[in-house]
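Please open the structure in your viewer and keep the sequence panel visible beside it. The tour below proceeds by selection, one stop at a time.

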Amino acid sequence: MNTNQDPNMNDQKKRRSMLIYIIVALVAYLLVSQALFPQIRNASVTKVDYSTFLTDIEQDKVKEVELNTGSGTIRYTLKDAEESHYNETTQFPNDTDLVSLLREHNVDFSAKIPDASGDLWLYMLLSYVLPLVIFIGGGWLLNRRLRKQMGDDNSMNFGSGGFFGGGMGGLGKSNAKMVKGEDTGVTFHDVAGQDEAKDSLVEIVSFLKNPDKYTAIGARCPRGALLVGPPGTGKTLLARAVAGEAGVPFFQISGSEFVEMFVGRGAAKVRDLFKQASEKAPCIVFIDEIDAVGKRRDTSINSNDEREQTLNQLLSEMDGFDNQKGIVVLAATNRPESLDQALLRPGRFDRRIPVELPDLAGREAILKIHADDVKMEPGIDLSVIAKSTPGASGADLANIINEAALRAVRNGRNRVSQEDLIESVDVVIAGEKKKSTVLSEHEKEVVSYHETGHAIVAAMQKGSAPVTKITIVPRTSGALGFTMQVDEDEHFLTTRQEAKDKIAVLCGGRAAEELIFGEMTTGASNDIERATALARAMVTQYGMSEKFGMVALGQQRNRYLGGGSELTCSEGTAQEIDAEVQRLVEEGHQTALKTLQENRFKLHEIAHYLQRKETITGQEFMNILTRDDGFAPKMAAAKTE
Ligand code: ADP
Ligand code: MG
Ligand code: ZN
C-alpha cells in the first residue's frame, strides 16, 4: 500500500473539490433564481403584431396588460392562455386611444416605469448579492464536509480568517478507534506460531498489567515495539492480542489516516491521539502500517512538508509522553527499510519484533486454530495441508480453511472434508478452476506434455521435492495447469545444487514441448520468469556463480514484499551478470532436455494418461514412472525411498 502523500495527488484532489464546488454553486444559483424569477422558469412569449393585439382586446380575449413605458413593449396575457404564457408586441407610437379601448373592454392594465422602482433593488440584490451569498455559503458547506471527512481538528490552515473561514473550530479528533482491551476478543491463544514474537510481547503485557513492579526497581518499559514482517503474518492480530491480554484500552489507527491534504492536520491528529492516550493510560497505541507516515524524510527540495510535520510530531510525542504512566506504542509495517532512522532509535521503537512467515509446525498450528471455527469431518489430517503450503502466510491459511468451508456448503454438505481442504489449497495457490477456458484437444495435449515435463525432471533430480499432484485444469490465475511438489520436511537452506535443480525443473515444461512438438508456446512464460529470477539471485545475492564468487552485486529492496534486488555494480559487470544468468538458465534447460530425452517413453505415457484424467496424484505419476517395463529410469527408484 502506498498511501503517502504525493503533491500531485493533492493538487488533483483540490482541483476536483473546487470543480465540484463550482458545479454545486451553479446549480444552487439556477434553482434559486428559478424560484425568484418565474419568468425565467417557464415563461413562454409569443410576439404578435400590434393589430393582433387590438383585435384580441376587441374580442374580449385579453385579461391583463402591462405597458413598459421605457422600451415601449406591451405584454399581455390572454384569458384562455396558460398561466405563464404571454404575448408581446410593440406599442404603436402615439396611440392615444389605447387606454380608452382597454377601459371599454374592462381589461386590467398597468404601466412599468424603468429605473425608478423597488424592482430594481430586488433585481440588483438578486443578480449581484445572491450569487455571492451562494458562493460563500457553498464554499462554507463544502469546507465543512471536507472537514467531516477528514476528521476535524483545530489546526490553523483552513480555519478562521480565511475566505471561507469563521466559526468552525473543529474538535481536533484523530479518528483512532479506541476499544477496551478485553473487547478486542483476541488473546495470545488466537495467535499460532510466532512464539518469539509472543515472548517479546509478554514483557510488555506484564508491564502494562502492573507498571509499579517495574518502576519500583527503576526499569523503563520499552516505549514502542515495531512488528515487522510480510503481509498476513499476524502483526495486527498480535497487537490486538497484547491489548486483550493486558486488558488495557487499545487505540488503533492506521498510518494512512494521518496522511492529510493540508499541512498541519496530520500533526494535529497525532497530537490528539497522544492526548487521548495519556488520559486513558495505561494503554496501548497501535499504529498499523506505519510506513505511511514514518517514511524516511528525504533531503530533496520538494520534500513533503505535511508528511514531515506529521512524522516530527510523532517523534516528539514519543519522546514526550510520560513513560511512567504506561503508554506503549506498537506499530506494524512490512517495509521496515523505508522507515525514518529517527523512529528506530532507542526511546522510540526500541524493540523490533520480527513476525515471519510460519514454518511447518506454525502452519499446522494456524490451520488448527482456524479449523476449530468450522465443522470438520472426523479424521481430517491438517499436517498434509501444512506440508503442501510452504511460504503461505497466516492469512493465506485462514483463507484456505474458509475456502474449504465455502466449498463444502456449495456441495451441499455440512462438514468440511479433507477433499475440500486439498482443493482449496489449489484455489489459494492457483485460483479457482476456470470453466470458461475450454482447451482444444491439441492444446490439452501440449499442456499435458508441459506439466509432465516438469514432473519428470523434478522426479529425476536428486535435490527437488517429490511431485504430489499434476493437473491440467485451467485456473482463474491464468495457469493452464500446474505441477505441485511438496517437500517431506521443511528445510531452511537451499544448496547450490538444489537451486540448479529447481531451474532445470522450471525449464522442464518448455523442454518437453520442444522435444515432442518441435515448437514453443507462450505457456512457459511464468516458468521462464521464475527460472531467471532464481538464476539472477544465485549470481547477485547468494554468491553461487563460478564467475563472481562471493560478491554481493545487488541490494535487496522490500524484503517482505517480494521486491527484487537493485544492482550495485558497474555497467560492465551488469552485462556480465546478464551473461552469467543466461548461462545458468541455459544449463538448466539442457539438463531438462537431456532428462526428458532419456525418458521420452515415460513422458509419452504419463502425458497421455494425464490428458485423459486431467488431474493425477503424485502416487499415480510415480507408479507409471517406476513401473518396470524396461523404460523405468534408474534414479527414480532412489527417489522413492
Ligand atoms: P498482518 O497485519 O501481518 O498483515 P493480520 O494480523 O491482519 O496480518 O492477519 C490477517 C489474518 O490472518 C488474521 O486475522 C488471522 O485470521 C490470520 N492469521 C495471520 N497470522 C496468524 C497466526 N499466527 N495465527 C492465527 N491466525 C493468523
Ligand atoms: Mg496488518
Ligand atoms: Zn510450466
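The stops that follow cover confidence, a sheet, a metal site and the helices around that site.

**Stop 1: Confidence**

Begin by colouring the chain by pLDDT, since this is a predicted model. The mean pLDDT of the chain is 81, and 85% of its residues reach 70 or more. Next, select residues 1-10, where the pLDDT is below 50; beyond near neighbours in sequence, this stretch has 20 contacts in the model. Then select residues 636-641, another stretch in which pLDDT stays under 50. For residues 636-641 the model has 11 contacts beyond four places in sequence.

**Stop 2: The five-stranded sheet**

Select strands β1 to β5 and display them as a cartoon. In what order do the strands of this open sheet lie? The order is β1-β4-β3-β2-β5, and the pairing is mixed. At the edges stand β1 and β5 (108-112), each of which has a single partner strand, so one side of each lacks a neighbour in the sheet. From one strand to the next, the twist averages 25°.

Now restrict the view to β1 (residues 44-47) and β4 (residues 85-90). These strands run parallel and are joined by four bridges. Show the residues Ser44 and His85: Ser44 stands opposite His85 in β4. Moving along β1, select Thr46, whose bridge partner in β4 is Asn87.

Keep Asn87 selected and add β3 (residues 73-78). Strand β3 pairs with β4 in the antiparallel sense, again over four bridges. Here Asn87 in β4 is the bridge partner of Tyr76. Asn87 is thus a useful landmark, as a bridge partner of Thr46 and of Tyr76. Follow the chain from β3 to β4 and a hairpin appears, with six residues making the connection.

To finish this stop, add helix α3 (residues 50-58). Helix α3 lies across β2 (62-68), β3 and β4, and runs at about 40° to β3.

**Stop 3: The zinc site**

Select the zinc ion (ligand 3) and show its donors. Which residues coordinate the zinc ion? They are His450 through NE2, His454 through NE2 and Asp527 through OD, at 2.0 to 2.1 Å. In sequence, these donor residues follow the spacing H-x3-H-x72-D.

Display helix α17 (residues 441-460) with the two histidines. Because His450 and His454 are four residues apart in α17, about one helical turn separates them. In general, an α-helix has 3.6 residues a turn, so residues three or four places apart point the same way. Are the two histidines, His450 and His454, buried or exposed? Both His450 and His454 are buried.

**Stop 4: Gly509 in helix α18**

Select Gly509, which belongs to helix α18 (residues 496-517). Gly509 is buried, its relative accessible area being 0%. Leaving aside neighbours within four places in sequence, its contacts are with His450, Gly453 and His454. A distance label between C-alpha atoms will show Gly509 and Ala455 8.5 Å apart in space, although 54 residues separate them in sequence.

**Stop 5: Helix α19**

Finally, select helix α19 (residues 525-540). Its 16 residues reach 22 Å from the first C-alpha to the last, close to the 22 Å expected at 1.5 Å a residue. The zinc donor Asp527 is among the buried residues of α19, which also include Ala531, Leu534, Ala535 and Met538. To see what covers the buried residues of α19, display elements including α17, α18, β14 (554-556), β15 (565-567) and α20 (571-598).

Methods. Residues numbered from 1 in each chain as written. Chains lettered and ligands numbered in written order. Predicted model: local features only at pLDDT ≥ 70, side-chain atom pairs only at ≥ 80, totals over all residues. Heavy atoms only, no water. Pairing = 2+ DSSP bridges. Donors = N, O, S within 2.8 Å, 3.2 Å for Na, K, Ca; no water. Buried < 20%, exposed > 50% of the residue type's maximum accessible area, 1.4 Å probe, protein only. pLDDT = per-residue confidence, 0-100. Contact = heavy atoms within 4.5 Å. Axes fitted to C-alpha atoms, helices over the stretch in contact; angles between N-to-C directions. Expected span 1.5 Å × (residues − 1).
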